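Thanks for asking me to look this one over. Here are my notes, point by point, to read alongside the structure.

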Amino acid sequence: MFEVVGMLVILGATAGLAGATPPRPAAASTAADFTVSVVREDQVAQIDLLPATTGGTVLRVNISSAAGSAVEEITVTAKLPAQRIGPIDIVTFPAGPNQVTTNEAFFPIPGLWTITVTARYGEFDQLDFSADVEITNP
C-alpha cells in the first residue's frame, strides 16, 4: 500500500516538473571590458577597465619597457571632453612593480572618456599615455 502511494506521489511530481516552464537564464551583461596598450618611446602602458561602465569599475594599469625602467609613481586621470568634465583624479593603489589598480574607478556618465596615465621615472622625467574609451551604462 505504501509503495503504491509513493509511486503515485513520484509520478505526480514528475508530471508537474515535466510540464513546468524552465527557469530563465539571467540576462547577459552588455557591458564589455576594455583593454588597450599605449606606446610612448620604449614604454608601454596597458590600461584595463573591467567593465567599461558608469559607476564604480575596476581599473588596472601596467607600465613596461624593454629596458626594464622602474616607475617611481603612476597617476591616472579621466576626462569627458564632450561634456567638459574633468580631469578627474582616479585614486589607485600599488599592485606590484610598475602597476597600480583600483576597484572604484568612477565614471559618472556614459560617453567617450579620455584616460591619461602619467608615469614618473625621476624628479624631472615622466611620460603621459592617453587612450579614449567608450563608457556605457551597466
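**Notes on the fold and its core**

1. Let me begin with a side chain that caught my eye: Phe107 has a relative accessible area of 0%, so it is buried. Bear in mind as you read on that this is a predicted model.

2. Which residue forms an aromatic pair with Phe107? A search of the whole structure finds one aromatic pair. In that pair Phe107 meets Trp113 edge-to-face, with 5.2 Å from centre to centre and 75° between the planes. Trp113 is buried as well, its relative accessible area being 0%.

3. Phe107 also belongs to the largest nonpolar core, which has 28 residues. The residues with the most contacts inside this core are Phe107, Leu49, Ile63, Val117 and Phe129. Two or more residues come from each of strands E1 (34–40), E2 (43–50), E3 (55–65), E4, E7 (99–107), E8 and E9. E9 gives the most, with five residues.

4. Val117 deserves a closer look. This residue lies in strand E8 and is buried, at 0% relative accessibility. Leaving aside neighbours within four places in sequence, Val117 is in contact with Ile47, Val61, Ile63, Ile74, Thr75, Val76, Leu127, Asp128 and Phe129. You may also like to check Val117 against Ser130: the two are 13 residues apart along the chain, and their C-alpha atoms are separated by 6.3 Å.

5. Now to the sheet that includes E8. Four strands form an open sheet in the order E5-E4-E8-E9, and the pairing is antiparallel. Strands E5 (85–90) and E9 (126–135) stand at the edges; each has a single partner strand, so one side of each is left without a neighbour in the sheet. On average, neighbouring strands here are turned by 20° against each other, direction ignored.

6. How many bridges join E4 to E8? There are seven between E4 (residues 73–80) and E8 (residues 111–120), and the two strands run antiparallel. Within this region, Ala78 stands opposite Ile115 in E8.

7. A last point, on confidence. The mean pLDDT of the chain is 84, and 78% of its residues reach 70 or more. Over residues 23–29, however, the pLDDT is below 50, and this stretch has zero contacts in the model beyond near neighbours in sequence.

Definitions and conventions:
Residues numbered from 1 in each chain as written. Predicted model: local features only at pLDDT ≥ 70, side-chain atom pairs only at ≥ 80, totals over all residues. Heavy atoms only, no water. Pairing = 2+ DSSP bridges. Axes fitted to C-alpha atoms, helices over the stretch in contact; angles between N-to-C directions. Phe/Tyr/Trp six-rings, centres within 6.5 Å; stacked < 30°, edge-to-face > 60°. Buried < 20%, exposed > 50% of the residue type's maximum accessible area, 1.4 Å probe, protein only. pLDDT = per-residue confidence, 0-100. Contact = heavy atoms within 4.5 Å. Core = buried A, V, L, I, M, F, W, Y, C linked by side-chain atoms within 4.5 Å.
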